[in-house]
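Student: Hey, I've got a new model open on my screen. Could you walk me through it?

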Amino acid sequence: MNAETTAWEQCSTVRVIPTVRPRKLAKVPFVELAEGRLQGVVSSGSDIARVYVSSIAARTHDYSCSTNNNRPCGGANGGPCKHLRALVDEAVLQYGIDRVARYLHAEAADENGDGGGADLMSRLSGSRESAPAAVVFSRFLRHLAYLELPDTTAPVPELHWFPATEAVR
């Protein structure tokens, strides 16, 4: 191993950026900035067995909210629903207001604003669009499956596609 190479560069894990503030995962168990959208899975407030896949597109701020089997959310007809608001609130906790606003191409809070998700939500002016929920929900389920794996230092077969380098002799 080269003296300039750090230990984390020799393993098959990556550094995880800690959340800005602790999150409660029961309401929004999955949130990500990916595929040009803020997207995630939000639990239903009325049915414990139902979840919604919600997303807000970067730049246009168009939004989508539906169940994991693509039934539209009834609350998103007149504007963003409570699921979208919860998604933005949790994204701000996870990534911070500046990062989420920058990703969505929205203005961050001014000096007099609270800098939270409600303030960011008020700056988004998109309209309802249809976005596929299956891909986001599938990625959420894959993340849940990784939580079920026992602790090990052995390679995980699903992550084997990461390139490996030979140790310098």
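**A look at the cysteines, helix H1 and the rings**

Tutor: Sure! With 2% relative accessibility, Cys-65 counts as buried (buried means under 20% relative accessible area, exposed over 50%, partly exposed in between, with a 1.4 Å probe and protein chains only). This is a predicted model, where local features need pLDDT of at least 70, side-chain atom pairs count only at pLDDT 80 or more, and totals for chains, interfaces and linings use all residues. Residues are numbered from 1 along each chain as its sequence is written, and side-chain values use heavy atoms, leaving out hydrogens and water.

Student: How many disulfides does the structure hold?

Tutor: Zero, where a disulfide is a pair of cysteine sulfur atoms within 2.5 Å.

Student: Why is there no bond from Cys-65 to Cys-81?

Tutor: The closest cysteine sulfur to that of Cys-65 is in Cys-81, 3.6 Å away, which is too far for a bond. For Cys-73 the closest one is also in Cys-81, at 3.8 Å, again too far. Cys-73 is buried too, at 4% relative accessibility.

Student: New topic: what's the order of helices and strands along the chain?

Tutor: The pattern reads β-β-β-β-α-α-α-α, giving four strands and four helices. These are DSSP runs numbered from the N terminus: helices are H or I with at least four residues, strands are E with at least two.

Student: And helix H1, is that enclosed or open?

Tutor: Helix H1 is largely enclosed by the rest of the structure, because 11 of its 14 residues are buried. Among them are Leu-84, Leu-87 and Glu-90.

Student: What covers the buried residues of H1?

Tutor: The cover includes strands E1 (30-34), E2 (37-43), E3 (51-57) and E4 (63-67), plus helices H2 (97-104) and H3 (117-121). Contact here means heavy atoms within 4.5 Å. Just after H1, Gly-96 has a positive phi of about 95 degrees.

Student: Cool. How many aromatic pairs are there?

Tutor: Two. Rings of Phe, Tyr and Trp (its six-membered ring) pair if their centres lie within 6.5 Å; planes under 30 degrees apart are stacked, over 60 edge-to-face, the rest tilted. Phe-30 and Phe-140 make a tilted pair, 5.8 Å centre to centre with 45 degrees between the planes. Phe-30 sits in strand E1 and Phe-140 in helix H4 (residues 134-148), so the pair ties together parts 110 residues apart in sequence.

Student: Which rings make the other pair?

Tutor: Phe-137 and Phe-140, with centres 5.9 Å apart and planes at 50 degrees, so that pair is tilted. Both lie in helix H4, three residues apart, about one turn of the helix. Ring pairs link Phe-30, Phe-137 and Phe-140 into a cluster.
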